[in-house]
Protein chains: 2
Amino acid sequence: MNKAAVPRYKVIKQYIRDNIEGGSWPVSSRVPSENQLCEQFSVSRMTARKAVDELTQEGLLVRSQGLGTFVAELQPQSPLLEVRNIADEIHERGHNHSSEVLSLEEIPASETVAISLELPETSPVFHSIIIHYDNGRPLQREERYVNPRFAPDYLKQDFRVQTPSAYLSRVAALTAATHVVEAVLPTQDIADSLVMESHAPCLRIIRRSWCDKGVVSLAKLIHPGDRYRLGGHLSFT
Amino acid sequence: MNKAAVPRYKVIKQYIRDNIEGGSWPVSSRVPSENQLCEQFSVSRMTARKAVDELTQEGLLVRSQGLGTFVAELQPQSPLLEVRNIADEIHERGHNHSSEVLSLEEIPASETVAISLELPETSPVFHSIIIHYDNGRPLQREERYVNPRFAPDYLKQDFRVQTPSAYLSRVAALTAATHVVEAVLPTQDIADSLVMESHAPCLRIIRRSWCDKGVVSLAKLIHPGDRYRLGGHLSFT
DNA sequence: AATTTATTCTTGTATATACAGGATTATACA
DNA sequence: TGTATAATCCTGTATATACAAGAATAAATT
């Protein structure tokens, strides 16, 4: 019986990622060549190459024929943090981030939600409204519609820790997303929940994420003065 | 001498892409198996697999062990259109899109621009301000800062056609981008150029795109009531 | 000393092969 | 007829090898 079900190239991938994210291999530095890797891990060159290949496509590494492979100068956020907002960054910087769950329930899909999640109308979907705070200051109102196939135990989760990675690990491995962004004036109740004046412009973001399992929809309202950041690796031919 | 410098796996990639984007292979349909492809193109399985591999990582295909490879149900936008805004979509739908160039010149980089483009201060950068219209209605004010290494003939270009693909083909193959989005109240001159009232909230988007050649920075102001769309394929582990 | 050439290391492309493991279908058995 | 088994087709992982092509360095030549 095989002791390790983890493919070898993934082990190498993680090794490289750890060294980069741990700071051992600084930006622009050369990573071990494919030959060095396959000697170090006792694998064939094609296996080592596959690890480097995928990290390159993820934007973490840059290859240069004849020179070597290097840690990308402008690293995209870690894959799991690819879609993040300023509140998340504040959280990572050690500020006091907290969340308040305004609503958390299973509801029948409205027409709009059903279309967005590609489900039949009135089929059950999970719905949550969360307010994010930084040191007591409201930052963001987040409304999620989750396809139950994604996260059957979504309603049972612990919302006290709300980092994006925690969220994503609960939901699923989303592989693609679209964002539609607009500037709006908030309704009165939203203005109240974000503790802002109703004539101040705030950001409204509707995000649809999906993988083969289904679609997750998410609407955010960002407090005036705060910004939203999107990062990612775009694949070109 | 080799007639074709194009690698074989890229030929296969293009063949698959053509069939999908041309509509021959509808969404959810099965694409030829790796064995079929390597027989059809007289290549080894690993070569055919590489083509399918990359298209899968780009989100165009979905693999399923034991079943086959399928056209992804929710296709990301074509790679070259990965970052687009509503104005672009209107343009594609056949509306009357036009642009007005307010400014087009080479300027020394200010401190902010220099940092953003990762260039020394006062080094020359290309700068343009463009207003986009749809049927005469102003949609968007776009301000670009371009690293000259990207597009040496940027100032000579024809701005009459401003589709994203035309833009990108002139600039370079950008491989990654971050967007920072916020809702703002416009200054008076911007409100004038967008023909809007200065108390209406509009969208401000700062985009940094890059590849190994350098960085392009772009600031957009979106007319109130219009939205901005971001789509893409996110790579997860 | 300066220039050209050759060597070496790197990534890029490609082949042929092998077995594991998931999913479906056909077959044999009870 | 129903159930278990086998065959088959697919993707997933992995090896060993080969040559091309870019980039830097060492060596040879002028």
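These are my notebook entries on a predicted model with protein chains A and B and DNA strands C and D.

**Ground rules**

I number residues from 1 along each chain as its sequence is written, and chains are lettered from A, with ligands numbered from 1, in the order in which they are written. In this predicted model local features need pLDDT of at least 70, side-chain atom pairs count only at pLDDT 80 or more, and totals for chains, interfaces and linings use all residues, while side-chain values use heavy atoms and leave out hydrogens and water.

**Chain A as a whole**

I started with chain A and found seven helices and nine strands; helices (H or I, at least four residues) and strands (E, at least two) are DSSP runs, numbered from the N terminus. The chain has 237 residues, and 54% of them count as buried, which here is under 20% relative accessible area, with exposed over 50% and partly exposed in between (1.4 Å probe, protein chains only). I also looked at contacts (heavy atoms within 4.5 Å). Among those in chain A with a separation of 6 or more, 58% join residues 24 or more positions apart. About 11400 Å² of chain A is exposed, and carbon and sulfur atoms supply 51% of that; the areas come from the Shrake-Rupley method with a 1.4 Å probe, and for residues only the protein chains shown count as cover.

**Helix α3 of chain A**

Next I checked a helix length. Helix α3 of chain A covers residues 45-57, and its 13 residues should span 18 Å at 1.5 Å a residue, so the 18 Å between its end C-alpha atoms agrees. The expected span is 1.5 Å times one less than the number of residues. Which residues of α3(A) are buried? I noted A:Ala48, A:Ala51, A:Val52, A:Glu54, A:Leu55 and A:Thr56. After the helix comes A:Gly59, with a positive phi near 90 degrees.

**Around DNA strand D**

I counted a residue as near a strand if one of its heavy atoms lies within 4 Å of it. Strand D has 25 residues around it, and A:Arg8, A:Thr47, A:Gly66, B:Arg45 and B:Arg63 come nearest. Of the strand D atoms within 4 Å of the protein, 66% belong to sugar and phosphate. α3(A) gives the most to this surface, with four residues.

I then looked at polar contacts (a pair of N or O atoms within 3.5 Å; within protein, one must be able to donate a hydrogen and the other to accept it, and residues adjacent in sequence count only if both atoms are side-chain atoms). The side chain of A:Gln65 has an N or O atom 3.2 Å from a base nitrogen of strand D. A:Gly66 uses a backbone N or O atom, 2.9 Å from a base nitrogen of that strand.

**Around DNA strand C**

Which residues come closest to strand C? Of the 25 that surround it, they are A:Arg45, A:Arg63, B:Arg8, B:Thr47 and B:Gly66. Sugar and phosphate make up 63% of the strand C atoms that come within 4 Å of the protein. Here α3(B) gives the most to the surface, with four residues.

B:Tyr9 has a side-chain N or O atom 3.1 Å from a phosphate oxygen of strand C. A polar backbone atom of B:Gly66 is 3.0 Å from a base nitrogen of strand C.

**One last residue**

I finished with B:Glu21, which sits in helix α1 (residues 8-21) of chain B. Is B:Glu21 buried or partly exposed? Its relative accessibility is 46%, so B:Glu21 counts as partly exposed.
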